[in-house]
Amino acid sequence: MDNIRAIRNDDDLAWAIAEVSKYFDNEPEIGTEEADRFDILSTLIEAYENEHYAIEAPEPVDLIKAHMEMFGRTQADLAELFGSRSRASEVLNKRRALTVDMIRKLHREWGIPSDCLVEPYHLVERERVIDSELSVIKMVAEEGFEPPTQGL
């Protein structure tokens, strides 16, 4: 097998990609030396890119948001899937964790890989939410606004 070398830097990577690209238009027949060369170069490219240009998987909520944006889905669509507007809002704002049932629905109905949705992620701390809500109430009170006391 001619003209195969290790990929040690970005120049080597560019060379290997150019070599592999030739095979996209004229795919080599399986079992030939050219097919073996394609496989070896592709493996070398993948190994180099995984080491030097690794792409971190997004957190489940970020993946859901990206999917919604790519496919033109809205929070209302997610609410319909989950059966609750507040539940959809809480999940998107990381105040509620995804349940197994939610993960199954997202996989079955939207095609999001379930193995990406079961990854752990941090929820917004409830205390920080309460603190920020109290800050808003305090700021409004300082402006002279008196909240209604009836019906509370």
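**Exercise 1. Surface and burial**

Task: State how much area the protein chain exposes and what share of it carbon and sulfur atoms supply. Then give the share of buried residues.

Solution:
- Step 1. Start with the surface. In this predicted model, the protein chain exposes about 11,300 Å².
- Step 2. Split the surface by atom type. Carbon and sulfur atoms supply 51% of the exposed area.
- Step 3. Turn to the interior. The protein chain has 152 residues, and 25% of them are buried.

**Exercise 2. Fold content**

Task: How many helices and strands does the protein chain have? What pattern do they follow along the sequence?

Solution:
- Step 1. Count the elements. There are eight helices and zero strands.
- Step 2. Read along the sequence. The pattern is α-α-α-α-α-α-α-α.
- Step 3. Look at contacts between residues at least 6 apart in sequence. Of these, 58% join residues at least 24 apart.

**Exercise 3. Two helices that cross**

Task: Describe how helix H4 and helix H6 cross, and list the residues that meet.

Solution:
- Step 1. Recall what is needed. A pair of packed helices is described by the angle and the distance between their axes.
- Step 2. Locate the helices. H4 covers residues 75–82, and H6 covers residues 100–110.
- Step 3. Give distance and angle. The axes of H4 and H6 come within 10 Å and cross at roughly 115 degrees.
- Step 4. Add the hand. The crossing of H4 and H6 is right-handed.
- Step 5. List the partners. H4 brings Asp77, Leu78, Leu81 and Phe82. H6 brings Met102, Lys105, Leu106, Glu109 and Trp110.
- Step 6. Sort the residues of this contact. Six are nonpolar, none is polar and three are charged.

**Exercise 4. His67**

Task: Is His67 buried or exposed? Which residues does His67 touch, not counting those up to four places away in sequence?

Solution:
- Step 1. Place the residue. His67 sits in helix H3, residues 60–71.
- Step 2. Apply the cut-off. Buried means under 20% relative accessible area. His67 has 8% relative accessibility, so His67 counts as buried.
- Step 3. Name the neighbours. His67 touches Arg73, Trp110 and Ile112, leaving out residues up to four places away.
- Step 4. Find the polar contact. The side chains of His67 and Arg73 are joined at 3.5 Å.

**Exercise 5. Glu19**

Task: Why does Glu19 count as buried? Which side chain makes a polar contact with the side chain of Glu19?

Solution:
- Step 1. Place the residue. Glu19 lies in helix H1, residues 10–25.
- Step 2. Use the cut-off again. Glu19 is buried because its relative accessible area is 11%, and buried means under 20%.
- Step 3. Find the polar partner. The side chain of Arg37 makes a polar contact of 2.7 Å with that of Glu19.
- Step 4. Complete the surroundings. Setting aside neighbours within four places in sequence, Glu19 is in contact with Asn3, Arg37 and Leu41.

Technical notes. Residues numbered from 1 in each chain as written. Predicted model: local features only at pLDDT ≥ 70, side-chain atom pairs only at ≥ 80, totals over all residues. Heavy atoms only, no water. Axes fitted to C-alpha atoms, helices over the stretch in contact; angles between N-to-C directions. Helix = DSSP H or I, 4+ residues; strand = E, 2+ residues; numbered from the N terminus. Left-handed = near helix turned anticlockwise from the far one by under 90°. Contact = heavy atoms within 4.5 Å. Nonpolar A, V, L, I, M, F, W, Y, C, P; charged D, E, K, R; others polar. Buried < 20%, exposed > 50% of the residue type's maximum accessible area, 1.4 Å probe, protein only. Areas by Shrake-Rupley, 256 points an atom, 1.4 Å probe, with all protein chains shown as cover. Polar contact = N/O pair within 3.5 Å; in protein donor to acceptor, adjacent residues only side chain to side chain.
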